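Please open the model in your viewer and walk through it with me, one selection at a time. We will visit some paired strands, then some charged side chains.

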Amino acid sequence: MICDVRNLDACRGPADFDIRHLFNANGIWNLPLGRGQAIGTNLNKWVDAFVGGWSLSGIITMRSGLPLNSSSGSFSVGFFGNSPSVLTGAPIDLTSNIRDEGTGIQYFADPAAVNAALRFPRHGESGNRNFFRSPGFWNLDLALSKKWKMPWSEKHLLTFRAEAYNATNSNSFSTPNVGLNSTSFGRITGSLSSPRDIQFALRYDF
């Protein structure tokens, strides 16, 4: 989109969906426990019914933060009713350091310096687009399962499964407030993560 025909770079910046780093992985590991396995290869059949046949699976997701606009609340060229702020400071002024301030979570190392590095756009001017980055995100889901073959038929299976979503119960912070001159500038009030959730299932296949 062109904001200013006199300056084609006026709205130039990262796209809202620009994710610089993204890693997804999943896997299944059959635990080497029980009869015929590396550990407990000569186990009694009754003991093996409880120890052997377990498998562990998981999904891990990690990504860097998304681009973020600093809104100024000002009308700008290109029919924007809330133009981005204009960045006048150096990149070092925007250093992040997520921490607990006692009254809330602060994203920036020095929120006053960050706010001072911005200004309102002038008449007919558009601010700098998406020069902030929100915090990154990561999550780990795990599942532990075991299958038993029924003694009356190998086609009949009993499966136990335990699943843990956000298994580490880790928190990934949401975007901070970057509204110019806001009294809560840099404050984070939300989370992208859900608390750890554990569920169990027992299934019979025939």
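Start by selecting I60 and L140: in this predicted model, L140 of β11 is the bridge partner of I60. Now widen the selection to the two strands around them. Strand β2 covers residues 54–63, strand β11 covers residues 137–150, and the two pair in the antiparallel sense over ten bridges.

Keep β2 on screen and add strand β1, residues 22–30. Here too the strands run antiparallel, with nine bridges joining β1 to β2. For a single pair to look at, pick W29, which stands opposite L56 in β2.

Next, switch on the charged side chains. How many salt bridges does a search of the whole structure find? The count is seven, and we will stop at three of them.

Select R133 and D18 first. Their closest N and O atoms are 2.6 Å apart. This salt bridge links distant parts of the chain, 115 residues apart: R133 sits in strand β10 (residues 132–133), and D18 in the segment before β1. Add R20 to the view, since D18, R20 and R133 are linked in a network of salt bridges. R133 counts as partly exposed because its relative accessibility is 24%.

Move on to R99 and E101, whose side chains meet in a salt bridge at 3.5 Å, N to O. Is each partner buried or exposed? R99 is partly exposed at 26% relative accessible area, and E101 is partly exposed at 35%.

Finish at R203 and D205, a salt bridge with the closest N and O atoms 3.3 Å apart. R203 is partly exposed, with a relative accessible area of 49%; D205 is partly exposed as well, at 25%.

Note on methods
Residues are numbered from 1 along each chain as its sequence is written. This is a predicted model: local features need pLDDT of at least 70, side-chain atom pairs count only at pLDDT 80 or more; totals for chains, interfaces and linings use all residues. Side-chain values use heavy atoms; hydrogens and water are left out. Two strands pair if DSSP finds at least two bridges between them. Helices (H or I, at least four residues) and strands (E, at least two) are DSSP runs, numbered from the N terminus. A salt bridge is a side-chain nitrogen of Lys or Arg within 4 Å of a carboxyl oxygen of Asp or Glu. Buried means under 20% relative accessible area, exposed over 50%, partly exposed in between (1.4 Å probe, protein chains only).
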